[in-house]
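Please open the model in your viewer and keep the selection tool at hand. The stops below are meant to be taken in order.

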Amino acid sequence: QMKEFNEQVTIIADVKKSRIYSRDLGYFATLFNRYYQYYNLSGFFSGSVNRFKLDDFNIALGSFSRFRGSASISGLPDVNNTFIDMKIENSILNPEDLGQYFGEEIVQGLAKFGRSSFSGRFTGFPVDFVADAEFYTQIGFFDSDINLKLDEEDNLPHYSGSIIAQGLDLGIIMDNEERFQDIDLNGKIEGKGFSKSDADFLLDATIENLGFLGYNYKNILIDGRLSSEIFNGLLAMNDPNLDFEMNGEIDLREGNEKINIVAAIDTAILNNINISEKPASISTQIKVDLQGLDINSITGIVTAPETDLMYDNQFASIQNLKLISENSDTLSFLELSSNDIDGHISGNFKLNNLFEDIPQIVREYFMILRNDSSEIKSYYSSKEPADSMNYMIDFNLSLFNINPVMQLFLPDFYIAENSY
């Protein structure tokens, strides 16, 4: 019987430049019956089918994938309960060769790394193993010591362990090369899923370098939960041009949208990090507690007790800044206050319509203040009819002394103190 053959027959074979079909291996392990693959192999085989050693093996499959090393394997033909202790050296992995072994989504994710060379040790079962390996990919280097499990309930890979990345092109991984560049990272990770839609993990790491919008940020600390729509934890940076610390939660999931964070920006030199073309900087402490992310439904409060600004080598300070937003189906309310300004707007408006109309309203008010009849006549004679919804607003604005802030951006304007 095949069971007796698998357990009682000892095979010693020096395999040289052989070629075997996956369906032939299916007689000994039924798992191979689902594949259509030829394997070119060589190596020294000793033992029975259910417990053997493979020394100095060289296995090639597909177009470019090559695996070299040694292995001790026990438990066949029950593949899921087969224990493998494998040492891999100077091997090559080509993602396109793995299409029939993994799902399309996983292969597409691996394809971002391109053809990779790797060495390491893999110990465990096919659905629960530890991978301690170094990978030299076409988009950078990473070193992993990870326990990887395939969970039967959610059919997702679950992982935990440590990871080191050097010069890894995050833009290719994130499908956003315009914003993200290379990353150097050293940390611990625990979570599940690899794709953007299902990845959800805890990351405690130091990021030595991170390229973002063309600037290379340094000395970043992250300790929190991340997914495609959630961040909850600590993010800190000690970069020469951006020194800050943020703690809290950002949840972008539909129906759960909220931002609840406390942040301290000690230094942000905006022109050096490609945010401003002119010399500019900001330092502040800010607390954000918002529900809803659609501009017409945001409710909550933002406070900043002290903010220092510099723009084009001009300086200003804002004390006790507070922004409050409340929204319902029939009424919206917006309040902005500080030591220099106190204003509120209420009515049946939508914030997106209001923000679109404000530039026009401000322009018309300034024309009235200048009282230039020819300018006013020319403006209203050429003004296009409004193509927007009608709404009512009630507003009150007190300007105690906003000139230092306003003149950072509008140096030619001046508003008298204590204007109402």
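Begin by selecting Lys16, which is exposed, its relative accessible area being 60%. Add Asp14 to the selection, and you will find that the two side chains meet in a salt bridge, with 3.4 Å from N to O. Bear in mind throughout that this is a predicted model, and that a colouring by confidence is a useful companion to the tour: pLDDT averages 89 over the chain, and 98% of the residues score at least 70. Among the elements of the chain, the lowest mean pLDDT, 74, belongs to helix α1 (residues 2-8), while the highest, 96, belongs to strand β4 (residues 65-74).

The whole structure contains eight salt bridges, and two further ones deserve a selection of their own. Select Asp175 together with Lys112, whose closest N and O atoms are 3.3 Å apart. This pair links distant parts of the chain, since Asp175 sits in the loop between α4 (170-173) and β10 (180-192) and Lys112 in the loop between α3 (104-111) and β6 (116-125), 63 residues apart. Asp175 counts as exposed at 53% relative accessibility, whereas Lys112, at 24%, is partly exposed.

Next, select Asp312 and Lys278, whose side chains form a salt bridge at 3.9 Å from N to O. Here too distant parts of the chain are linked, with Asp312 in the loop between β17 (299-311) and β18 (314-327), Lys278 in the loop between β15 and β16, and their positions 34 residues apart. Asp312 is partly exposed, with a relative accessible area of 35%, and Lys278 is likewise partly exposed, at 41%.

From Lys278, move to the strands on either side of its loop. Strand β16 (residues 280-291) pairs with β15 in the antiparallel sense over 10 bridges, and within this pairing Ala263 has Ile286 as its bridge partner in β16. Strand β15 (residues 258-269) is also joined by 10 bridges to strand β14 (residues 242-251), again antiparallel; select Gly248 and you will see Ile261 of β15 standing opposite. The hairpin of β14 and β15 has six residues between the strands, and Gly255 there takes a positive phi near 90°.

Finish at Asp143, which is found in strand β8 (residues 140-150). Which side chain of opposite charge is nearest to this buried residue? It is that of Arg121, 14 Å away, and Asp143 has no salt bridge. Beyond its neighbours within four places in sequence, Asp143 is in contact with Asp132, Ala133, Glu134, Ser162, Ile163 and Ile164.

Key. Residues numbered from 1 in each chain as written. Predicted model: local features only at pLDDT ≥ 70, side-chain atom pairs only at ≥ 80, totals over all residues. Heavy atoms only, no water. Helix = DSSP H or I, 4+ residues; strand = E, 2+ residues; numbered from the N terminus. Buried < 20%, exposed > 50% of the residue type's maximum accessible area, 1.4 Å probe, protein only. Lys, Arg positive; Asp, Glu negative; His and termini not counted. Salt bridge = Lys/Arg side-chain N within 4 Å of Asp/Glu carboxyl O. Contact = heavy atoms within 4.5 Å. Pairing = 2+ DSSP bridges. pLDDT = per-residue confidence, 0-100.
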